[in-house]
Amino acid sequence: MSSSNCDILIQGGGPVGLACAAWTLQKFPDAKITLLDRNPINDGDLANADSRGIALSHGSKLLLDTINAWPKESAQIHRVHVSQAGRFGRALMTREELNQDALGHIIRYRDIHITLRQALRTLQAKCPNFVWRHIDKDAEENNIHAKCIVHAEGGLFKTQDWVESGRDYGQSALVGLVEVENAAPHHAWERFTAEGPLAVLPSHYGPNILNLVWCGSPESSGHRLQLSDADFLNELEKEFGSRIGRFLKIQDRRLYELGLNYRKEITKDNEVWIGNAAQTLHPVAGQGLNLGLRDAFLLAEKLVGVFSGSAEPQSPIDIQNALQGYAQSRKIDRTTTIGLTDFMARVFTSNLAPVVVARGLALSALQWLPPVKTALARQMMFGRR
């Protein structure tokens, strides 16, 4: 690769890196950006990639709509039912309570990825200084000299080459698509079992084909992965209950290890880390990608401000100050979301009797204290600034 210069180097062509590039270019088409992408050039090569259902908040939809990057196929969540398996305590959240079109959306990861690639290509046609380089997955060095470096190569827990702060929850998530007998449309269920959360979420395939996220110990999850379809469905029905009828079919079972990694400092000199490169969360609250997209959107605002505001070359101090301002602007939302997710991941997997009683009371309190429930739901939907 020949040596080259740019103002902004974005390392990572996943959804967060793509979104950061798109929001920056939308507001500042002349931005000198180079994007390094380890994914294939052709979208068709991603058609059989990661098919797990990802929860996107309504706030994320509003952000992605600004760059025409909302996938055509998605499933809205209108009601969320949260309960404990075999214990008292439940809470119900509805879109009507919050006066919103939807509480959230479930989309296949690959659809988000491909739609963002297409949105960025549309912008690329009007952005003369934008360079999108597809590089080998194993490439380590590049000869690009940049005034600002954005690290957006996140990866999954335990595949990351950094561990600064966090914890291993000793859990794995088994995901797949499950067909059920009688599910209510646009309804999401989250059951807290003895081993961890069990979520059954809408999909765009129809009301009776749902996304499954079943968290448990690595041993139990590995065992369930190997079960025959019939035995797996029997175990699932015993754990979840009969509120949506019988479980009829399971397909595309996959396993992911779960944990928390987060950087204490997300900027250093002219470098900044966003998305899973800054924090990797447990899926219990479905906040990982939502937090990453908010990272990307607000960083884009700072980048536009520093690189489009003057005809003079930006000094290292200008860039460093802008990145420090970005880090400060993300502190409350980031700390709140990481803390809430970590708290839920730990508290809802404890089987200590006082904890079991306390979380039952907490779920009941959510149901009977609407302001508390509304505040929690709005944090999940829009983050905190």
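Which strands does helix α4 (residues 109-124) lie across? Select α4 in this predicted model and look beneath the helix: α4 lies across β3 and β7, and runs at about 85° to β7.

**The sheet**

Now select β3 (53-57) and β4 (75-77), the edge strands, each of which pairs on one side only. Add β7 to complete an open sheet of three strands in the order β3-β7-β4, with antiparallel pairing. On average, neighbouring strands here are turned by 30° against each other, direction ignored.

Stay with β3 and β7 (residues 104-108): five bridges join the two strands in the antiparallel sense. To find one end of β7, show Ser57, which stands opposite Gly104 in β7.

Next, select helix α2 (residues 58-65). Helix α2 packs on the sheet and touches β3 and β7, and its direction makes about 85° with that of β3.

**The helix pair**

Move on to helix α7 (residues 288-307) and helix α8 (residues 316-347). Their axes are 10 Å apart and the packing angle is about 160°. The cut-off for roughly antiparallel is over 145 degrees, so α7 and α8 count as roughly antiparallel to each other. Their crossing is right-handed.

Show side chains at the contact. On α7, pick Leu291, Arg294, Asp295, Leu298, Leu299, Lys302, Val306 and Phe307. On α8, the contact residues include Ile319, Leu323, Tyr326, Arg330, Asp333 and Arg334. Coloured by type, the residues of this contact divide into nine nonpolar, two polar and seven charged.

How values were computed:
Residues are numbered from 1 along each chain as its sequence is written. This is a predicted model: local features need pLDDT of at least 70, side-chain atom pairs count only at pLDDT 80 or more; totals for chains, interfaces and linings use all residues. Side-chain values use heavy atoms; hydrogens and water are left out. Axes are lines fitted to C-alpha atoms, for helices over the stretch in contact, and angles run from 0 to 180 degrees between N-to-C directions. Helices (H or I, at least four residues) and strands (E, at least two) are DSSP runs, numbered from the N terminus. Angles under 35 degrees count as roughly parallel, over 145 as roughly antiparallel, 65 to 115 as roughly perpendicular and the rest as oblique. A crossing is left-handed if the near helix is turned anticlockwise from the far one by less than a right angle, and right-handed if clockwise. Contact means heavy atoms within 4.5 Å. Ala, Val, Leu, Ile, Met, Phe, Trp, Tyr, Cys and Pro count as nonpolar, Asp, Glu, Lys and Arg as charged, and the others, Gly among them, as polar. Two strands pair if DSSP finds at least two bridges between them.
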